[in-house]
Amino acid sequence: MKKKGLNTICTHEGELIDEQHKGAISPLYMSTSYAFDDVDIKRYPRYFNTPNQEGLCKKIAALEHAEDALIFGSGMAAVSTALMAFLRAGDHVVLQQTLYGGTYNLVTEEFSKYGITYSFTEGWETKDFEAKINKNTKVIYIETPSNPLLTITDLKRVAQLAKKHGIISMIDNTFASPVNQNPIDFGIDIVIHSATKYMGGHSDICAGAVASSKENMERIFHLAKNFGGSLSDYTVWLLERSIKTMGLRVKAQNANAMDMANFLSNHKDINAVNYPGLPMHKGHEIAKEQMRGFGGMLSFELKSYLDPALFQKSLKLIKSSMSLAGVESTVLSPTQTSHALMSPEVRAEQGIADGLIRFSLGIEEIEDIKEDLEQALEIVKSKASVTSNT
Ligand SMILES: *Cc1c(COP(=O)(O)O)cnc(C)c1O
């Protein structure tokens, strides 16, 4: 049978049929206990095999062009279980510089307790990964586009490098979402998502997912049932509903982000715009090869005389938020939040300026988002001129 298209997979793949009442949507099975007698599958939520879990796993596997998938109670449950399934005492892992903060904390705070060593790359090029590989390296871990500068890592070349050394390659594909990027098509072994972001998409679900080959997922499952990080069936059911519109949402967010990136890069109060869809972005050529859309995330720097905190406070429609990827537009200042614990020197080294603002584009009308930005900039500029005159 011909492979189905994105929105058909989003809407239908893995749906459960309501035989009893012929309802239109997947019924929700909240049972934690299932009859045992003549069935060979022992269903239990922590075994990741309730009807709703299995249905949603099929959808996510199809979306990531994977043989199999598992859904977790959070993105970090997915990240930690996937990593630990392939690492043991004495092993080494190579990680990309600028990872999601929670992943960075997991590695730097926990791994030494288990005798696992690690190296962060100095850049995003394939040679930066190669430079850190040693004979104990078992995993290469990447994130592209990454937070907050939207740097791009070459999927195909990293996958080739990993294969050459017999190493498992893993990606956190949260920022791109399966709508824009399918790393398995480029040879990456394991794809991880914080489903709290684009899969959930409405800022009301915390979940995670991992997709890979049957063989790799079997190994991850064995650890997962012992770690116990499964997702409640009610949330599984909500997540299934959310993913039905993921294709529509993310494409609208791609379009809004592209429009906003162009608008900001021509704006006199803005210093720099980081968006892989802009030809001037360092990773643009690679992004064009490996992404179908450039995503709904960008970041920009206000001119240095403009106060980023006041700018955020002056926004009316756009909210300040730690999280991202919802249908509503949100902003965050990395220096005040996600990267606050980093020293100013390390931040500067990584190109994270004090005036940097991370912008998660929602699905609102782009003209309304622009108008909100403009009115906030007017307020900040009036304060800047008052200060400079006194
Ligand atoms: C949010 C996020 C995570 C962690 O997901 P949780 O659902 O919060 O545990 C991991 N990676 C990226 C890129 C994220 O944005």
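**Exercise 1. How many salt bridges does the rule find across the interface of domain 1 and domain 2?**

Solution. Keep in mind that we're working with a predicted model.

Step 1: get the bounds. The domain assignment splits the protein chain into domain 1 (6-243) and domain 2 (247-388).

Step 2: run the rule over pairs that cross between the two. Across the interface of domain 1 and domain 2, the tally is zero salt bridges.

Step 3: try polar contacts instead. Here the rule turns up 16 residue pairs across the interface of domain 1 and domain 2, with both partners at pLDDT 80 or more.

**Exercise 2. Describe the side of domain 1 that touches domain 2 by element and by residue class.**

Solution. Step 1: sort by helix. Helix 1 (6-12), helix 7 (177-180) and helix 9 (233-244) each put at least two residues into that side of domain 1. Helix 7 has the largest share, with four residues.

Step 2: sort by class. The side of domain 1 that touches domain 2 comes out as 16 nonpolar, 16 polar and two charged residues.

**Exercise 3. Put numbers on the interface between domain 1 and domain 2.**

Solution. Step 1: start with the spacing. Taken over C-alpha atoms, the centres of domain 1 and domain 2 are 27 Å apart.

Step 2: count who touches whom. On the domain 1 side 34 residues are in contact, and they meet 37 residues of domain 2.

Step 3: go for area. Interface size is often quoted as the accessible area lost when the parts come together. For domain 1 and domain 2 the buried area is about 2900 Å², and carbon and sulfur atoms give 56% of it.

Step 4: pick out the big contributors. Leu149, Asn180 and Tyr198 supply 25% of the area that domain 1 buries against domain 2, more than any other three residues.

**Exercise 4. Work through salt bridges in the model, giving distances and burial.**

Solution. Step 1: get the total. The rule gives twelve salt bridges.

Step 2: take Glu125 and Lys127. Their side chains form a salt bridge at 3.9 Å, N to O, which just makes the 4 Å cut-off. Lys127 counts as exposed because its relative accessibility is 55%, and the bar for exposed is over 50%.

Step 3: move on to Asp259 and Lys370, whose side chains pair up at 2.9 Å, N to O. Asp259 belongs to helix 10 (residues 246-265) and Lys370 to helix 14 (residues 366-389), so this salt bridge links parts that sit 111 residues apart in sequence. Asp259 is partly exposed at 29% relative accessible area, whereas Lys370 is buried at 13%.

Step 4: now Lys381 and Asp269, also a salt bridge, at 2.9 Å, N to O. Lys381 is in helix 14, while Asp269 is in the loop between helix 10 and strand 8 (270-274), so parts 112 residues apart in sequence get tied together. Asp269 is buried, with just 3% relative accessible area.

Step 5: look for shared partners. Asp259, Glu367 and Lys370 join into one network through salt bridges that share partners.

**Exercise 5. Is Thr235 buried or exposed, and which residues is Thr235 in contact with beyond its neighbours within four places in sequence?**

Solution. Step 1: place the residue. Thr235 is part of helix 9.

Step 2: check burial. Thr235 has a relative accessible area of 18%; the cut-off for buried is under 20%, so Thr235 is buried.

Step 3: list the contacts. With neighbours within four places in sequence set aside, Thr235 touches Ile205 and Cys206.

Terms used
Residues numbered from 1 in each chain as written. Predicted model: local features only at pLDDT ≥ 70, side-chain atom pairs only at ≥ 80, totals over all residues. Heavy atoms only, no water. Domains from an automatic or database assignment. Contact = heavy atoms within 4.5 Å. Buried area = accessible area lost by both parts, 1.4 Å probe. Polar contact = N/O pair within 3.5 Å; in protein donor to acceptor, adjacent residues only side chain to side chain. Nonpolar A, V, L, I, M, F, W, Y, C, P; charged D, E, K, R; others polar. Buried < 20%, exposed > 50% of the residue type's maximum accessible area, 1.4 Å probe, protein only.
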